[in-house]
Amino acid sequence: MNPVAWDEPDAPAIVMTDADGRVIGWSEAAEKLLGYHADEVLHRSSDAFMEPGDRTARGREPRWSGLVTARHRAGGAILLHVEGVRLRTAERRESWLLTLTPDGQQVLEPILSRAPVAIGVWDTGLRCVWLNETARRLSDVFPFFRLGSRPEVRAAGFDAEATAGAMRRVLEDGTPVLDRESRRTSENGLTDHVLSTSFYRLDGADGRPLGVCAFAVDTSHSRARDRLALLGEASIRIGSTLDVMRTAQELAELAVPRLADYVTVDVSERVLPDDGSMRRLGATEVSVPKFHRAGVASIHRELPESLWRRGEVVYVPPSSPFTAVLSTGRSHFEPVMDTSSGTWLDVDPDRARVIHDTGMHSLIIVPLKARGDILGVAVFVRTDNSSPFGKDDLELAEMLAARAALSLDNARQYTRERTAALALQRDLLPRNLSGAGAVDVAWRYLPSDVIGTVGGDWFDVVPLGDGRVALVVGDVTGHGINAAATMGRLRTAVRTLSYQGLPPDEVLALLDRMVVRLAEEDAGAGDEPLDTTGATCVYAVYDPLTRRCAMSVAGHPPPAIVHPSGEVTFAYVPGGTPVGLGLGSYECVEIELAEGSLIALYTDGLVERRGADIDAGLHRLSTVLAAPGLAPEDLCDQVIGTMVDGTPSEDDIALLIARTRTAAPARS
């Protein structure tokens, strides 16, 4: 790939295409990123700036992401990370909102750069897009480790087609390939180099493949091929989720029995911030609470070596190898354990008894260190295996611990951000809503079950003072604490605009311009741009005197209307683009609601599921809403219970149900 210089925009570039890939929206940031003016790309195929072979297959998924190679107007290629969100127009046609971010490899680099092996990343077209320094040094011997190259590149004495076939299979079915041996022979037929390579597929947040990652080591002179395979497996198995306890258990289970007979992973208090403070626990001069046991594995199912189970607090003597490793950050290596009189075990009779009963004879204690912080310790012990640990075992244990520590730190940071975002959401979402005599209302909010994906869904009911009431549901694009903060700003803005008594289409138009202006001001102040690009929204105003409901939508799922008979229809309001993009205006429609009618507003997390069409979700929703005898509160419970059905939610869900009262109040 030939690099090209470009002016990186202050905010993500936004492009909208129809279902056939024709460009229907082009932001200034897109022009700044790719060099094309809107007149050059609007109503033309996105092939004008995106490699046709790189266009991700979107299928029926509501969201997708991937690495894409784009062409700059000045020439040359740019690697982009693309996030796509499916929208629907007023005519129920599909369109796509694309967020383009340059240097897609930066999404992967913080995770991969610390691995102790050569690493390369190939996109879905199997072109090499990223290499670490170790991999670059292998490029003279194994030519597929070259930026811009494909694995089919031929070289004397190298089976390129076999390597390419292995990578294609990994990309197609997602099954990792571990410890695949590649050989490069010299012209005289003698083997010069042997490469041990493990391939695994990189998947985006939406489950679609981003490419293939390879971990490789030159094993021409290696005496520990099985250990290299273990490292390759560790890169796949350790840190499979952003969960501290599961990551710790993955390390323990991976190391038993291939490295040790018994392994524990104990983390300090700050790694599990939701647990009670250990300072309140009892301590003595010879035993203090120091860790939480997060992972444990043994060749013996009953865990006879362990004094504490997972989740329990671990006590250690103040002067012991455990506290020494925690304070110094250096590993404790004891090939032959000293259990004689006069050691630290004198003040820890329980551990001494277990060591004697289980035959522990060799010990390694490694600090779990990441980004300069020590998160805990990993303990490796041999019992039935009579061979003492060697220096190479210590090195392998430290490599495994380093990989696990980075994953633990990532899990800790994501958990903290999620906790903060959820707390912010709880503070910003309304607690008490009233229909002001016009409607009876009920609502539900369910945060996503996916760690690190707290969103910005919101809902509101705004009495307008003249008997009318405004009903609002919105969904900020993006996730994390920025999305939650943006949600709070938008909810406040909508309330302020509502009090002006404007029709719904004008409220959304003003909100659109306000969000654009706020984003420009944030970028102008030199702040980091928000990781959100706008929000979808539905805004409805019900007048109990005329029994008419006016509504407008901005890229949002249609409101559901439940008639007193139980018939359910969807109000397909001519839709505009999400607010905050500055790409269009909005329309307003009015419908008459009979006494006892019900209107349901919701976010897409309620009706969209991976692998299923949105129409299937809307059909399920209409079926469960067809219960005219239920009160709004009971109907909310029934909708959530049926639509979610106990399965983990991949997106936030907001639901607002309002039922018109049977007697309209007189307006003064």
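Two strands count as paired here if DSSP finds at least two bridges between them. Keep that in mind for the close-ups below, which come from a predicted model.

**View 1. Strands E20 and E21 pair up in an antiparallel sense.** Seven bridges link E20, residues 535-543, with E21, residues 548-554. Look for Val538, which stands opposite Val553 in E21.

**View 2. Five strands make an open sheet with antiparallel pairing.** Reading across, the order is E18-E19-E20-E21-E24. What is left without a neighbour in the sheet? One side of E18 (456-463) and one side of E24 (589-592), because these two stand at the edges with a single partner strand each. Ignoring direction, neighbouring strands here are turned by 15° against each other on average. Helix H11 (residues 481-498) packs on this sheet and touches E18, E19 (469-476) and E20. The direction of H11 makes about 20° with that of E18.

**View 3. Strand E15 is mostly covered and has partners in E14 and E16.** Of the nine residues in E15 (362-370), eight are buried. E14 (residues 332-334) runs antiparallel to E15 and is joined to it by three bridges; His332 stands opposite Ile365 in E15. With E16 (residues 373-382), E15 pairs over nine bridges, again in the antiparallel sense. One pair to pick out is Leu363 with its bridge partner Val381 in E16. The hairpin of E15 and E16 has two residues between the strands, and Arg371 takes a positive phi near 55° there.

**View 4. Helices H13 and H14 cross in a right-handed way.** The axes of H13 (residues 614-625) and H14 (residues 632-644) come within 10 Å and cross at roughly 145°. On the H13 side, Gly617, Arg620, Leu621, Val624 and Leu625 make the contact. H14 brings Leu635, Gln638, Val639, Thr642 and Met643. Sorted by class, that contact has six nonpolar, three polar and one charged residues.

**View 5. Helix H5 has 14 residues and ends just before a glycine with positive phi.** From the first C-alpha to the last, H5 (residues 160-173) reaches 20 Å, close to the 20 Å expected at 1.5 Å a residue. Which residues of H5 are buried? They are Ala160, Thr163, Ala164, Gly165, Ala166, Met167, Val170 and Leu171. Just after the helix, Gly174 takes a positive phi of about 75°.

Definitions and conventions
Residues numbered from 1 in each chain as written. Predicted model: local features only at pLDDT ≥ 70, side-chain atom pairs only at ≥ 80, totals over all residues. Heavy atoms only, no water. Axes fitted to C-alpha atoms, helices over the stretch in contact; angles between N-to-C directions. Helix = DSSP H or I, 4+ residues; strand = E, 2+ residues; numbered from the N terminus. Left-handed = near helix turned anticlockwise from the far one by under 90°. Contact = heavy atoms within 4.5 Å. Nonpolar A, V, L, I, M, F, W, Y, C, P; charged D, E, K, R; others polar. Expected span 1.5 Å × (residues − 1). Buried < 20%, exposed > 50% of the residue type's maximum accessible area, 1.4 Å probe, protein only.
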